[in-house]
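Here is a short briefing for a first look at this structure. Keep the sequence and the 3D view side by side as you read.

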Amino acid sequence: TLSGASAGNYVLASDSISGTIGTVNKASLTVTANSAAKTYDGLAYSGGNGVTYAGLVNGETASVLGGTLSYGGNAQGATNAGSYTLNASGLTSGNYDISYVAGVLTVNKAALTVTANSAAKTYDGLAYSGGNGVTYAGLVNGETASVLGGTLAYGGNAQGATNAGSYTLTASGLTSGNYDISYVAGALTINPAALTLVIQPTAVSKTYGQLAALSAYSVLGTLQGSDAIGSVTLSSTGAAATASVGSYDITASNAVFSSGSASNYTITYQTLSNGLTVT
């Protein structure tokens with residue numbers, strides 16, 4: 001509307017002006033799935049470990065977003081040890097252009113300890129081989145040794161051990177994709193065999209003034225394998241030439257093995273009462 005003296009100088013026409021005043025573009029928002037880790041437990045993984053937002057403006061939080069956050073990738077249902085992709089998705093917004101970055105699910109191997117059971121035997125002259133089984137500590141979710149691969153094997157200096165003593169008995173050879181296997185050694189104990197030496201010489205007699213030859217004895221007990229006793233020390237106070245007329249005991253000691261070792265036996269030496277007669 002014009003006012004004043006100049007109004008008569010104009011002819012007014014009216015029209016509408018149309019067009020775009022301006023464009024408000026969406027802001028970029030990156031949603032990154034947080035990586036996750038677990039130890040193998042025989043159970044399938046599901047879900048996720050939360051997300052991280054990069055790009056929210058003016059102090060806004062995830063509460064301004066619509067939709068429902070969900071997780072995907074081959075991490076869903078993953079059971080065995082390994083690395084898996086962990087995705088996020090499902091969010092919506094009229095103000096943000098949402099992109100997603102995947103995280104990683106790591107399923108670590110569970111610790112499994114395999115202990116070789118100790119073993120014991122009595123010396124029998126035969127070389128030891130093999131083992132006495134093993135004990136498992138760390139199997140999860142009711143699993144048994146059937147889930148393990150490889151072949152259980154025994155080692156250590158117990159293999160081939162023959163003589164009485166203590167030896168190391170080890171286990172090895174098992175494999176697994178889900179278990180980190182460590183081994184604990186057991187022991188093989190070879191106990192001496194019980195052997196009683198009973199000295200039973202033929203009646204020995206001598207005349208006063210002579211020396212007595214003491215050599216005859218017998219062994220009660222079982223020598224193992226090819227073991228053999230070469231000699232036994234026999235002694236008697238009556239063996240001396242100066243021993244008076246009478247009867248004397250014969251004692252035994254110091255068995256010497258011609259084959260095998262005395263350490264493999266528990267030896268009991270016996271005395272033959274009045275085994276030597278001096279006339």
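Leaving aside its neighbours within four places in sequence, which residues is Asn178 in contact with? They are Tyr40, Asn80, Ala81, Lys109 and Ala110. Bear in mind that this is a predicted model. The points below start at Asn178, then turn to the aromatic rings, the nonpolar cores, the sheets and Val104.

**Around Asn178**

- Asn178 sits in the loop between E12 and strand E13 (179-184).
- Asn178 is buried, because its relative accessibility is 12% and the cut-off for buried is under 20%.
- Two of its contact residues, Asn80 and Ala81, also appear in the next two points.
- The side chains of Asn178 and Asn80 are joined by a polar contact of 3.0 Å.
- A polar atom of the Asn178 side chain lies 2.7 Å from the backbone nitrogen of Ala81.

**Aromatic rings**

- There are three aromatic pairs in the structure.
- One of them joins Tyr123 and Tyr265: the ring centres are 5.4 Å apart and the planes stand at 75°, so this pair is edge-to-face.
- This pair links distant parts of the chain, 142 residues apart. Tyr123 is in the loop between strand E9 (119-122) and strand E10 (134-137), while Tyr265 belongs to strand E19 (residues 265-269).
- Tyr123 is buried, with a relative accessible area of 4%. Tyr265 also counts as buried, at 5% relative accessibility.
- Phe257 and Tyr265 form a stacked pair, with 5.4 Å centre to centre and 20° between the planes.
- Phe257 is buried too, and its relative accessible area is 13%.
- Through ring pairs, Tyr123, Phe257 and Tyr265 are linked into a cluster.

**Nonpolar cores**

- The largest nonpolar core has 29 residues. Those that touch the most other members are Leu188, Leu197, Ile229, Val232, Tyr265 and Leu276.
- Tyr265 thus has a place in both the ring cluster and this core.
- Several strands give two or more residues to this core, among them strand E12 (165-175), strand E14 (186-191), strand E15 (193-197) and strand E20 (272-278). Strand E17 (228-235), strand E18 (246-259) and E19 also belong to that list.
- Which element gives the most to this core? E18 does, with five residues.
- Leu276 has many partners, not counting residues up to four places away in sequence. They include Val204, Ala212, Ala239, Tyr248 and Ile250.
- A second, separate core has 20 residues, including Tyr84, Val114, Ala116 and Val134.

**The sheet with E9, E14, E12 and E11**

- Four strands form an open sheet in the order E9-E14-E12-E11, and the pairing is mixed.
- E9 and strand E11 (149-155) are the edge strands, each pairing on one side only.
- From one strand to the next, the twist averages 20°.
- E9 and E14 run parallel and are joined by four bridges. Ala120 has Thr189 as its bridge partner in E14.
- E11 and E12 run antiparallel and are joined by five bridges. Gly150 stands opposite Leu174 in E12.
- In a regular strand, side chains alternate between the two faces of the sheet.
- On E9, Ala119 and Lys121 make up the covered face, and Ala120 and Thr122 the uncovered one.

**The sheet with E16, E20, E18 and E17**

- This open sheet of four strands has the order E16-E20-E18-E17, also with mixed pairing.
- Its edge strands are strand E16 (204-206) and E17, and each pairs on one side only.
- The twist here averages 40° from one strand to the next.
- E16 and E20 pair in the parallel sense over three bridges. Ser205 stands opposite Thr277 in E20.

**Around Val104**

- Val104 lies in strand E7 (residues 103-108).
- Is Val104 buried or partly exposed? At 35% relative accessibility, Val104 counts as partly exposed.
- Leaving aside neighbours within four places in sequence, Val104 is in contact with Ser35, Ala36, Ser83, Tyr84 and Leu86.
- Val104 and Tyr84 are 20 residues apart in sequence, and their C-alpha atoms are 5.6 Å apart in space.
- Tyr84 is also a member of the second core.

Technical notes: Residues numbered from 1 in each chain as written. Predicted model: local features only at pLDDT ≥ 70, side-chain atom pairs only at ≥ 80, totals over all residues. Heavy atoms only, no water. Phe/Tyr/Trp six-rings, centres within 6.5 Å; stacked < 30°, edge-to-face > 60°. Buried < 20%, exposed > 50% of the residue type's maximum accessible area, 1.4 Å probe, protein only. Core = buried A, V, L, I, M, F, W, Y, C linked by side-chain atoms within 4.5 Å. Contact = heavy atoms within 4.5 Å. Pairing = 2+ DSSP bridges. Axes fitted to C-alpha atoms, helices over the stretch in contact; angles between N-to-C directions. Polar contact = N/O pair within 3.5 Å; in protein donor to acceptor, adjacent residues only side chain to side chain.
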